[in-house]
Amino acid sequence: MTVMLASLPFLLQGLLTTLRVSAIVVVIALAGGVLLGIGLTYGPRLVAWPIRLYSDVVRGLPLLVLIFALYYGLPALGVKFGSFWAALTALAAFETAHVAEVARGALQSIQAGQTEAGKAIGLTFGQRMLYVVFPQALRRFVPPWINTVVDTVKGSALVSLVGIVDLMLSIQQVIGRTFQPMPLYVLGALIYFAINYALSLAARGLEARFAYVRD
Amino acid sequence: MSVTSAGIPLVRVRGLTKSFGPSPVLRGVDLDVARGEVVAVIGASGSGKTTMLRCVNLLERYDGGSVMVDGVEIGYRQDSRRARGERELARLRAGIGMVFQHFNLFPHLTAAENVTLGLRKVRRLSRREARERAMHWLGRVGLADQVDRLPYELSGGQQQRVGIARAVAMSPKVLLLDEITSALDPELVGEVLSVVRQLAGEGMTMIVVTHEMSFARDVASRVVFMDGGRVAVSGTPQEVFGRQDNARLRAFLSRIELRLYPDGAGA
Ligand SMILES: Nc1ncnc2c1ncn2[C@@H]1O[C@H](COP(=O)(O)OP(=O)(O)OP(=O)(O)O)[C@@H](O)[C@H]1O
Ligand SMILES: [Mg+2]
């Protein structure tokens with residue numbers, strides 16, 4: 001027990017890495033995914049088609065394959081990339097594709113009449129997005145988007161496989177020293193669950209808040 | 001009333017063509033609308049009325065011909081016949097109002113906000129000026145006490161009046177109305193048409209696609225009968241409703257409104 005208590009600061013360090021990786025990926029995937037979602041929905045074929053290809057390929061691969069591909073593949077191509085950034089890029093690419101699909105779904109749920117009404121009063125594309133489409137698409141976007149955040153936190157455990165000491169790897173390293181797998185895995189599971197449960201609660205709260213307009 | 005006496009028409013449509021895929025929908029539409037004129041467009045379902053109207057503010061791109069509003073070609077840059085960019089289009093559309101069959105109000109905005117959005121973001125009015133102007137127009141359409149309601153809290157007739165206020169508040173040169181009462185319960189049609197009637201009385205230039213023949217007769221300065229993607233008959237309401245020599249027009253009118261002109265001779 002004392003060994004476990006003593007290992008807590010180390011685990012905390014790992015947890016911080018997990019949170020940091022997740023946060024960076026969530027921000028990149030949000031910005032990138034929304035842009036790609038707009039491109040998918042409104043872009044000309046020349047824009048939408050490559051995005052479609054990217055999204056389908058990336059979502060069709062296991063995340064682990066993607067991480068290894070960047071981790072081993074990029075150096076082979078002569079790109080110097082630390083293992084941290086290789087793993088993070090892979091995770092970000094993966095989540096970006098998922099957010100793009102969520103964004104596309106939300107944008108497409110807005111009736112064409114809304115865009116036309118915006119055009120008819122002289123709003124530009126950007127203004128229509130900002131004042132007409134986004135506010136309405138938001139409530140369709142946020143709940144599934146939070147699912148992608150949950151997936152990100154869970155998926156971030158895979159970065160341990162390329163040697164990044166996140167929560168997962170720090171747990172395994174403590175187990176390596178204490179030979180007490182059960183309590184440590186339980187502790188780890190509880191921490192992951194706590195983070196993601198808080199996120200789902202937030203999702204449900206937001207869903208309720210957005211229920212202000214009837215369709 | 002005649003187009004030439006008012007100088008250059010405010011809206012000038014010439015040889016307008018448009019196909020959806022292989023099927024031609026507009027096959028050379030010619031239409032002039034003078035300043036202050038109210039033109040009612042009638043015609044059978046599928047004759048191209050909506051498509052023609054949507055070409056006037058380029059919600060629909062046209063294939064050939066020309067649409068000029070206040071001397072400016074809508075579809076293309078005059079110099080190059082290149083399509084206009086987003087910004088230019090937005091600026092042109094701001095001067096052309098449109099009211100939709102299904103209202104298309106912004107459901108997340110109150111009645112007042114529906115009206116102020118364009119005033120603030122397009123006309124760049126201050127929050128206060130925009131609000132005042134919205135209040136003025138919402139008052140004019142009889143909704144002074146509903147300004148802070150969301151669309152779903154309003155009846156269809158009230159929603160459509162917000163739609164009209166949203167369009168006219170932008171001070172458009174011309175107002176396009178596409179069957180704006182056909183989605184309404186019969187008892188709500190009157191309140192919307194009376195607003196349009198008032199606007200007509202104040203000299204607002206309008207192109208009104210409608211199935212309300214009595215409204216077309218009372219309010220329009222000119223009636224245009226579209227058939228098969230062309231303007232087949234055009235004239236004063238008396239002329240058009242009284243005409244005997246066009247079988248398609250007669251068939252259309254008798255289908256729509258047997259009761260109004262039983263002797264076929266206009267009012
Ligand atoms: N976006 C579109 N894609 C394909 N075909 C279309 C489209 N819009 C209209 N059409 C076709 O074009 C023809 C003319 O349609 P339009 O809506 O202009 O007729 P309309 O005179 O307004 O008819 P209604 O009285 O029913 O409103 C119809 O045959 C319609 O099916
Ligand atoms: Mg129509």
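## Ligand 1 site in chain B and helix packing in chain A

Ligand 1 is surrounded by F20(B), V25(B), A44(B), S45(B), G46(B), S47(B), G48(B), K49(B), T50(B), T51(B), E179(B) and H211(B), where a residue is counted if one of its heavy atoms lies within 4 Å of the molecule. The model is predicted: local features need pLDDT of at least 70, side-chain atom pairs count only at pLDDT 80 or more, and totals for chains, interfaces and linings use all residues. Residues are numbered from 1 along each chain as its sequence is written, chains are lettered from A and ligands numbered from 1 in the order in which they are written, and side-chain values use heavy atoms, with hydrogens and water left out.

Polar contacts with the ligand are pairs of N or O atoms within 3.5 Å. The table lists distances from a polar side-chain atom to an oxygen atom of ligand 1.

| Residue | Partner | Distance |
|---|---|---|
| S45(B) | oxygen atom of ligand 1 | 2.6 Å |
| T51(B) | oxygen atom of ligand 1 | 2.5 Å |
| E179(B) | oxygen atom of ligand 1 | 3.3 Å |

Chain A contains eight helices and zero strands; helices are DSSP runs of H or I with at least four residues, strands are E runs of at least two, and both are numbered from the N terminus. Its C-alpha atoms fill a box of roughly 70 × 45 × 25 Å along the principal axes.

Two helix pairs of chain A are described here. Axes are lines fitted to C-alpha atoms over the stretch in contact, and angles run from 0 to 180 degrees between N-to-C directions.

Helix α3 (residues 63-76) of chain A packs against helix α4 (residues 83-108) of chain A at about 140°, the axes being 8 Å apart. α3(A) and α4(A) are therefore oblique to each other, the class left after under 35 degrees (roughly parallel), over 145 (roughly antiparallel) and 65 to 115 (roughly perpendicular). The contact (heavy atoms within 4.5 Å) involves L63(A), L66(A), I67(A), L70(A) and Y71(A) of α3(A), and S83(A), A86(A), A87(A), T89(A), A90(A), L91(A) and F94(A) of α4(A). By class, this contact of α3(A) with α4(A) has ten nonpolar, two polar and no charged residues.

Helix α5 (residues 112-120) of chain A and helix α6 (residues 125-155) of chain A pack at about 155°, with axes 10 Å apart. α5(A) and α6(A) are therefore roughly antiparallel to each other. Q114(A), T115(A), G118(A) and K119(A) of α5(A) meet R128(A), V132(A), V133(A) and Q136(A) of α6(A). The residues of this contact of α5(A) with α6(A) comprise two nonpolar, four polar and two charged.

Technical notes:
Ala, Val, Leu, Ile, Met, Phe, Trp, Tyr, Cys and Pro count as nonpolar, Asp, Glu, Lys and Arg as charged, and the others, Gly among them, as polar. A polar contact is a pair of N or O atoms within 3.5 Å; within protein, one must be able to donate a hydrogen and the other to accept it, and residues adjacent in sequence count only if both atoms are side-chain atoms.
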